Amino acid sequence: MNVEWLLRLYPRAWRALYEDEFRAVLDRQSPSPRSMLDIARGALDAHLHPSLRTGLPRREWRRRRRGPAAPPRHRRWWLASVLTTLIAGGCAYFLCESRATTVAANAPIDGIPCQPLAHAASRAYCHLRLVDHGRPVVLPAGIGMSDSSAILAGRCSYGLWTRTASNVVHLDGPSTRVYTLGQFCDIWSRTAHVDATFVNRLRATPANAIHVYVAGKGVSADYRDVILTDREQVTIEIGAPLRPPASRVDGALGNDL
Amino acid sequence: MMPVNLDLSELGRFSEPALLILVSLAPGAKHGYAMMEDIKAMTGAEMRAGTLYAALNRLEHHGLIEPLPSEDRRKPYRLTTAGATALREQLTNLSAFARLGLQRLATA
């Protein structure tokens with residue numbers, strides 16, 4: 001039986017696997033139209049099923065086709081459980097951490113609580129003038145305000161705070177409460193969302209390079225002990241040249257109120 | 001020809017030739033032409049080369065048979081353990097089906 005042209009109908013990969021033995025079988029058969037048709041159908045089948053041409057067991061063929069073997073099902077479940085636990089744990093950790101940070105940020109500072117924001121008008125104001133080596137520094141807005149308008153539910157403010165960048169410090173809370181400049185600096189430095197450059201420099205500056213004035217008069221005491229009172233002007237100067245205040249601030253403190 | 005058992009239905013139209021090949025290999029390894037002769041002797045029907053090798057290809061792919069080293073140009077095949085198990089299940093099911101059919105005929 002002349003099978004050369006019939007064998008060529010098969011894919012090359014299939015012939016590499018079966019050609020020799022296939023020839024041996026065909027050599028012992030008498031040719032018939034039905035045999036030739038059967039071979040042609042076999043060749044078509046081999047073309048339609050490429051996975052069968054590899055000569056590999058199905059499991060091995062699938063493994064090679066998909067690349068590295070997938071882990072057994074029980075291992076996949078185990079891995080999925082571990083990954084789920086890690087992801088859930090990570091989310092829980094960050095949620096707790098975020099909440100803890102909020103709580104810590106809103107914790108009392110120097111005995112001054114952070115209270116719900118309800119400042120229609122403050123009970124007192126003072127003007128805090130800052131000078132850093134002869135250059136005036138403006139107090140940043142939002143000192144003493146709990147962070148971020150995004151967390152409105154947890155928003156609060158301390159008794160010492162600033163509304164705008166205008167050097168006006170609001171004094172709130174019980175009328176009997178006495179506030180000091182040291183407390184204000186502590187609240188400023190712990191208000192995470194404002195620029196604390198000046199207060200940090202103030203803390204790092206030697207006492208003899210810090211000059212404090214209250215109502216235009218120099219104060220020899222530690223700046224931290226200076227009491228903030230209504231309508232008072234307090235000046236803090238770091239380094240030289242000195243630019244002492246001209247006079248006390250009387251009357252209005254501007255549009256900040 | 002024997003009816004097709006569903007356990008080999010994955011082989012499609014080659015499930016019946018596959019069952020015949022498994023039965024042919026049950027006593028021991030055979031090469032292609034010996035299988036054709038054996039199947040013809042068992043059933044009286046001729047299995048042609050195109051069908052035989054398409055079925056052999058599938059059985060090997062499913063791990064039910066495995067080739068042995070070639071002898072001259074001829075390559076013998078034998079049942080694997082999985083192949084023997086599959087064949088036993090097939091024949092058991094067919095036997096149960098045959099008994100049921102004969103019982104129904106007897107009561108008709």
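Colleague: Before we start, what does "buried" mean here?

Modeller: Buried means under 20% relative accessible area, exposed is over 50%, and partly exposed sits in between. Keep in mind too that this is a predicted model.

Colleague: Okay. So how much of helix 1 of chain B is buried?

Modeller: Ten of its eleven residues, which run from 15 to 25, are buried, so helix 1 of chain B is largely enclosed by the rest of the structure. Among the buried ones are B:P17, B:A18, B:L19 and B:L20. B:S15 and B:S24 are on that list as well.

Colleague: What do those buried residues pack against?

Modeller: Helix 2 (32-43), helix 3 (49-61), strand 1 (65-67), strand 2 and helix 4, which belong to chain B.

Colleague: Which order do the helices and strands of chain B come in?

Modeller: Along the sequence chain B reads α-α-α-β-β-α. That is four helices and two strands. Of the 108 residues in chain B, 44% are buried, and the chain has an accessible surface of about 5,500 Å².

Colleague: And chain A, how many helices and strands there?

Modeller: Chain A has seven helices and eleven strands. Chain A has 257 residues, with 37% of them buried. Chain A exposes about 15,000 Å², and carbon and sulfur atoms supply 57% of that.

Colleague: What about contacts between residues far along the sequence in chain A?

Modeller: Taking contacts with a separation of 6 or more, residues 24 or more positions apart account for 67% of them in chain A. The figure for chain B, counted over contacts with a separation of 6 or more, is 47%.

Colleague: Let's go to the interface. How much area do chain A and chain B bury between them?

Modeller: About 2,400 Å², with 48% of it on carbon and sulfur atoms. Chain A puts 29 residues into the contact and chain B puts in 22.

Colleague: How many salt bridges and polar contacts cross it?

Modeller: Three salt bridges cross between chain A and chain B, and twelve residue pairs are in polar contact, both partners at pLDDT 80 or more.

Colleague: Which elements of chain A touch chain B?

Modeller: Helix 2 (12-27), helix 3 (33-48) and helix 4 (58-66) of chain A each give two or more residues to that side. Helix 2 of chain A gives the most, with eleven residues. By class, chain A's side has 13 nonpolar, six polar and ten charged residues.

Colleague: Got an example of a salt bridge across the interface?

Modeller: Sure. A:D45 pairs with B:R58, and the closest N and O atoms are 2.6 Å apart. The pair runs from helix 3 of chain A to helix 3 of chain B. Another is A:D27 with B:R73, at 2.8 Å between the closest N and O atoms.

Colleague: Are A:D45 and B:R58 buried or exposed?

Modeller: A:D45 is buried because its relative accessible area is 8%, under the 20% cut-off. B:R58 is buried as well, at 7%.

Colleague: How many salt bridges does the structure hold over all chains?

Modeller: Eleven. One of them joins A:R231 and A:D230, at 4.0 Å from N to O. A:R231 is partly exposed at 32%, and A:D230 is partly exposed at 37%. In chain B, B:K30 bridges to B:D38, also with 4.0 Å between the closest N and O atoms. B:K30 counts as buried at 17%, whereas B:D38 is partly exposed at 21%.

Colleague: Which residues are linked in a network of salt bridges?

Modeller: A:R15, A:E19 and A:R23.

Colleague: Switching topic: where is B:T80, and what is it in contact with?

Modeller: B:T80 is in the loop between strand 2 (77-79) and helix 4 (81-107) of chain B. B:T80 is buried, at 14% relative accessible area. Leaving aside neighbours within four places in sequence, B:T80 contacts B:G63, B:L64, B:I65 and B:E66. A polar atom of the B:T80 side chain lies 2.6 Å from the backbone oxygen of B:G63.

Colleague: Last one. Which residues other than glycine have a positive phi?

Modeller: Two to look at are A:H133, with phi near 50°, and A:A215, with phi near 55°. A:H133 is in the loop between strand 2 (124-132) and strand 3 (135-137) of chain A. A:A215 is in the loop between strand 8 (210-214) and strand 9 (217-219) of chain A. A:H133 is partly exposed at 39%, and A:A215 is partly exposed at 26%.

Notes:
Residues are numbered from 1 along each chain as its sequence is written. Chains are lettered from A and ligands numbered from 1 in the order in which they are written. This is a predicted model: local features need pLDDT of at least 70, side-chain atom pairs count only at pLDDT 80 or more; totals for chains, interfaces and linings use all residues. Side-chain values use heavy atoms; hydrogens and water are left out. Contact means heavy atoms within 4.5 Å. Buried area is the accessible area (1.4 Å probe) that two parts lose on being put together, summed over both. A salt bridge is a side-chain nitrogen of Lys or Arg within 4 Å of a carboxyl oxygen of Asp or Glu. A polar contact is a pair of N or O atoms within 3.5 Å; within protein, one must be able to donate a hydrogen and the other to accept it, and residues adjacent in sequence count only if both atoms are side-chain atoms. Ala, Val, Leu, Ile, Met, Phe, Trp, Tyr, Cys and Pro count as nonpolar, Asp, Glu, Lys and Arg as charged, and the others, Gly among them, as polar. Buried means under 20% relative accessible area, exposed over 50%, partly exposed in between (1.4 Å probe, protein chains only). Accessible areas come from the Shrake-Rupley method with a 1.4 Å probe; for residues, only the protein chains shown count as cover.
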